[in-house]
Amino acid sequence: MKAFFKTLFGDWVNLGFVTVVIAVEMGLIKAGYADHVGEVTPLLILAGVGWLATR
Amino acid sequence: MSDWGIFLATFLAATVEWVEAFTIVLAVSLTIGWARSAGAALTALLVLAVMTVATGGVLHLGLEMHWLQFAIGVFLLLFGVRWLAKAVARQAGLKALHDEEEEFEETRLELEKGDRHAAWLIAFKGVLLEGLEVWLIVVALGMKAHHSATAAGAALVALLAVTLGGLLVRAPLRRVPENAIKFVVGAMIVTFGTFWTIEALGGSAAWPLGDLSLLALVAFYLLGGLAIAAVLRRRHVQESLRSQEELS
């Protein structure tokens with residue numbers, strides 16, 4: 001079961017990072033910056049990938 | 001999104017996972033024979049097939065399409081970010097490349113300690129756990145645009161290709177460029193996750209270029225990932241040199 005959940009969600013850091021990404025997407029859209037969410041999110045994700053790669 | 005995009009992403013991801021599963025089944029077959037080892041693998045594949053059909057049905061129950069799209073996008077991000085980060089780390093030399101020969105030896109050594117029943121379970125669990133990632137991708141990519149048949153077909157073609165290739169060489173498939181595939185698949189899955197979560201939250205207006213944005217996103221994640229890997233590799237080499245100098 002543990003392996004099943006790890007496959008679905010990864011570890012806590014991975015889960016936390018994706019939660020932040022979703023929160024940023026929601027925040028930008030609610031704040032009326034829907035036009036820019038497609039530019040900000042990929043940059044944020046790529047930065048996160050770089051950080052996660054060093055862990 | 002095109003059928004080919006879904007087919008390619010699923011095929012590549014499934015190939016990587018089936019190669020790992022094949023290595024385990026091959027190692028187990030040396031202990032309990034091909035027939036029982038293949039039986040364990042087929043049992044696991046049957047469980048995965050039932051899961052795929054059942055999940056497809058459950059996901060459509062009572063969920064509005066844009067929430068379904070959002071949920072699948074989140075899972076794709078969870079999955080893709082992990083794959084891409086791992087591929088970047090391996091490309092940069094921060095993490096050892098996956099070695100099928102080593103995996104084969106480890107499984108074989110583990111089997112020497114156990115009995116025949118344990119060996120069957122190792123093959124079953126190996127195929128099931130590697131197949132879980134394939135299941136996730138097939139369900140996720142096949143759901144959004146009702147491309148289930150394309151995604152499931154791609155996973156099956158990958159399974160056939162890996163099985164035939166493996167049976168022909170009768171050895172772990174170490175020549176498969178696993179990290180390059182993981183890099184491409186990671187970028188594609190993160191792309192779908194980014195696109196779908198934003199489209200579900202902000203509507204189609206969030207992507208003025210429509211499906212063309214998918215191509216731009218894949219290129220961005222691939223080139224960006226390679227650039228990050230190059231920077232990390234340079235830093236890693238410099239740190240190694242510095243620590244060698246300090247020692248000498």
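This passage looks at how the helices of chain A pack against those of chain B.

The structure is a predicted model, so local features need pLDDT of at least 70 and side-chain atom pairs count only at pLDDT 80 or more, while totals for chains, interfaces and linings use all residues. Residues are numbered from 1 along each chain as its sequence is written, chains are lettered from A and ligands numbered from 1 in the order in which they are written, and side-chain values use heavy atoms, with hydrogens and water left out.

How sure is the predictor? The model as a whole scores ipTM 0.92 and pTM 0.75. Chain A has a mean pLDDT of 90, with 91% of its residues at 70 or more; pLDDT is the predictor's confidence in each residue, from 0 to 100. Within chain A, helix H1 (residues 2-9) has the lowest mean pLDDT, 70, and H2(A) the highest, 95. For chain B the mean is 83, and 88% of its residues reach 70 or more. Confidence there bottoms out in helix H3 (residues 100-113) of chain B, at a mean of 71, and peaks in helix H7 (residues 212-247) of chain B, at 90.

Chain A is built from three helices and zero strands. Helices (H or I, at least four residues) and strands (E, at least two) are DSSP runs, numbered from the N terminus. The radius of gyration of chain A is 13 Å, well over the 10 Å that the globule rule gives for 55 residues, so chain A is more spread out than a compact globule. This radius is taken over C-alpha atoms, and the globule rule is 2.2 Å times the number of residues to the power 0.38. The C-alpha trace of chain A spans about 40 × 25 × 10 Å along its principal axes.

Now for the packing between chains. The axes of H2(A) (residues 12-30) and H2(B) (residues 65-91) come within 10 Å and cross at roughly 135 degrees. That angle makes H2(A) oblique to H2(B). Axes are lines fitted to C-alpha atoms, for helices over the stretch in contact, and angles run from 0 to 180 degrees between N-to-C directions. Angles under 35 degrees count as roughly parallel, over 145 as roughly antiparallel, 65 to 115 as roughly perpendicular and the rest as oblique. The residues that touch (contact means heavy atoms within 4.5 Å) include Phe17(A) and Met26(A) on H2(A), and Phe70(B) and Arg82(B) on H2(B). Sorted by class, this contact has eleven nonpolar, one polar and one charged residues. Ala, Val, Leu, Ile, Met, Phe, Trp, Tyr, Cys and Pro count as nonpolar, Asp, Glu, Lys and Arg as charged, and the others, Gly among them, as polar.

H2(A) also meets H6(B), at an angle of about 35 degrees and with the axes 10 Å apart. Among the residues in this contact are Glu25(A) and Ile29(A) from H2(A), plus Thr197(B) and Leu201(B) from H6(B). The split here is five nonpolar, three polar and one charged.

Helix H3 (residues 34-53) of chain A packs on H6(B) (residues 178-202) too, at about 145 degrees with axes 11 Å apart. Contacting residues include Gly38(A) and Pro42(A) of H3(A), and Val190(B) of H6(B). Five nonpolar, three polar and no charged residues make up the contact of H3(A) with H6(B).
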